[in-house]
Amino acid sequence: MTEPAAPPTADDGAPLRARVVRADRGALLVVPDDDLGAAAHRADLPRDGLLPLPDGTRVPPTVGDVVDVERGGRVDAAWRATVLHPRRTAVVRDSAGRTSLEQAVAANVDLVLVVEHLDPDPDLGRVERLLTLAWRSGARPVVVLTKADLVPDPEGMAAEVAAVAIGVDVHVVSVVDGTGLTPVRALLAPGVALVAVGPSGAGKSSLVNALAGRQVMATGGRRADGRGRHTTTHRELVPLADGAVLVDTPGVRGVGLVAAPDALDATFADVAALAARCRFADCAHVTEPGCAVQEALAGGELAERRLASWRKLQREAEHAARRADARLAAEERARWRRVTREYHRQQRSRGSHRG
Ligand SMILES: Nc1nc2c(ncn2[C@@H]2O[C@H](COP(=O)(O)OP(=O)(O)OP(=O)(O)O)[C@@H](O)[C@H]2O)c(=O)[nH]1
Ligand SMILES: [Mg+2]
Ligand SMILES: [Zn+2]
């Protein structure tokens, strides 16, 4: 038998495997990894807010991460997070932050719920963007269209969304009349972790509450313009009774994509398949002869909007890749400057020893 996993009252000094429920700048809220329903405890972070992975790289921990916490054998000492376990999956967005270009929104999730409202009309470009984010994470994307009770033809709208969500299940739900919740609940097998992403006001927290069967997250009102008002302000992991976990996230206006050629090909599998049939391997799909993309456009099999969306996200991902490369190159130059400086210093001190 293993020890009870709740932070023990007597502490033998051994580190405890814990799951991050909430990540703030200086500290984490964690629960024991083998008892996710236990009360959450605070665990302090090193001063730089980063934790080492086994390969030595230091990264900011995020919701869903598995970490080691310890308190050095003293029961009265504060818990400290010491080590980050490698991430199975990671939902990563572009962030022009100072310490890194990427921000991990959630780690170790199995499903990414792309939550979009049916009222106001769903934004197909946003769905495509979030699907790309989801594909890149390594987790399985699922689309959930909310507020079915507010529109006359939810299924017809869902069909339009399904047309741009290739290979992805699309669910239509309403937390008001309970439409469609059963199949979404069925995704939550024990041990499954799910994160909800989507614009503010889409109904992510309402959905999390409906799935949890209790009021765990506050939900927002609707403003006259139909837009949400950023009710959820931090990311939080909600353990369910059967061992599944849900991560609620604040709605964001635009999620920046990080470089993700494979993820783009997954989201735009139809365009990618066409592009592969163009006569020239480097076809830009504008005026080239034998361009399968332009042919599909002319024949009405490919929508202008879809192609424009693909180009936009591709440009964005390429831009992010260049920025990441520039950053890497700068780090490499700085490393070489240090190495060279050290080399010259050693040469000088050798020279002076020889006299
Ligand atoms: N009619 C109807 N309203 C809904 C439904 N789901 C959510 N809402 C309402 O939509 C508003 C926003 O819901 P939230 O769950 O707070 O949205 P959110 O995505 O969590 O928003 P942020 O936390 O700001 O990102 C609230 O007033 C909800 O009551 C639904 O299925 N039908
Ligand atoms: Mg919310
Ligand atoms: Zn082409």
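## Basis of the description

A residue counts as buried when its relative accessible area is under 20%. The model described here is predicted.

## Magnesium site

Two side chains of the protein serve as donors to the magnesium ion (ligand 2): Ser-205 through OG and Thr-232 through OG1, at 2.0 to 2.1 Å. These residues bring together distant parts of the chain, being 27 residues apart. Ser-205 belongs to helix α4 (residues 204-212), while Thr-232 is found in the loop between α4 and β14 (236-239).

With a relative accessible area of 7%, Ser-205 falls under the 20% limit and is therefore buried. Thr-232 is likewise classed as buried, because its value of 9% is also under 20%.

## Zinc site

The zinc ion (ligand 3) is held by the SG atoms of Cys-278, Cys-283 and Cys-291 together with ND1 of His-285, at 2.1 to 2.4 Å. Along the sequence, these donor residues follow the spacing C-x4-C-x1-H-x5-C. The angles subtended by the four donor atoms run from 102 to 117°. The arrangement is tetrahedral because all angles lie between 85 and 135 degrees.

Among the donor residues, Cys-278 and Cys-283 are both buried.

## Surroundings of His-285

His-285 is located in the loop between α6 (269-275) and α7 (292-298). Its relative accessibility is 7%, so His-285 is buried by the same 20% criterion. A polar atom of the His-285 side chain lies 3.3 Å from the backbone oxygen of Cys-283, a residue that also supplies an SG donor to the zinc ion (ligand 3).

Beyond its neighbours within four places in sequence, His-285 is in contact with Ala-275, Cys-278, Cys-291, Val-293, Gln-294, Trp-310 and Arg-311. Of these contacts, Cys-278 and Cys-291 are also zinc donors.

## Barrel

Five strands form a closed barrel, arranged in the order β1-β2-β3-β7-β6 with mixed pairing. From one strand to the next, the twist averages 55°.

Within this barrel order, β3 is followed by β7. Strand β3 (residues 41-44) pairs with strand β7 (residues 79-84) in the parallel sense, over two bridges. At this pairing, Ala-43 stands opposite Trp-79 of β7.

Technical notes. Residues are numbered from 1 along each chain as its sequence is written. Chains are lettered from A and ligands numbered from 1 in the order in which they are written. This is a predicted model: local features need pLDDT of at least 70, side-chain atom pairs count only at pLDDT 80 or more; totals for chains, interfaces and linings use all residues. Side-chain values use heavy atoms; hydrogens and water are left out. Donors are N, O and S atoms within 2.8 Å of the metal (3.2 Å for Na, K and Ca); water is not among the atoms, so sites may look incomplete. Helices (H or I, at least four residues) and strands (E, at least two) are DSSP runs, numbered from the N terminus. Buried means under 20% relative accessible area, exposed over 50%, partly exposed in between (1.4 Å probe, protein chains only). A polar contact is a pair of N or O atoms within 3.5 Å; within protein, one must be able to donate a hydrogen and the other to accept it, and residues adjacent in sequence count only if both atoms are side-chain atoms. Contact means heavy atoms within 4.5 Å. Four donors count as tetrahedral if all angles lie between 85 and 135 degrees; four count as square planar and six as octahedral if opposite donors are over 155 degrees apart and all others between 65 and 115; anything else is irregular. Two strands pair if DSSP finds at least two bridges between them. Axes are lines fitted to C-alpha atoms, for helices over the stretch in contact, and angles run from 0 to 180 degrees between N-to-C directions.
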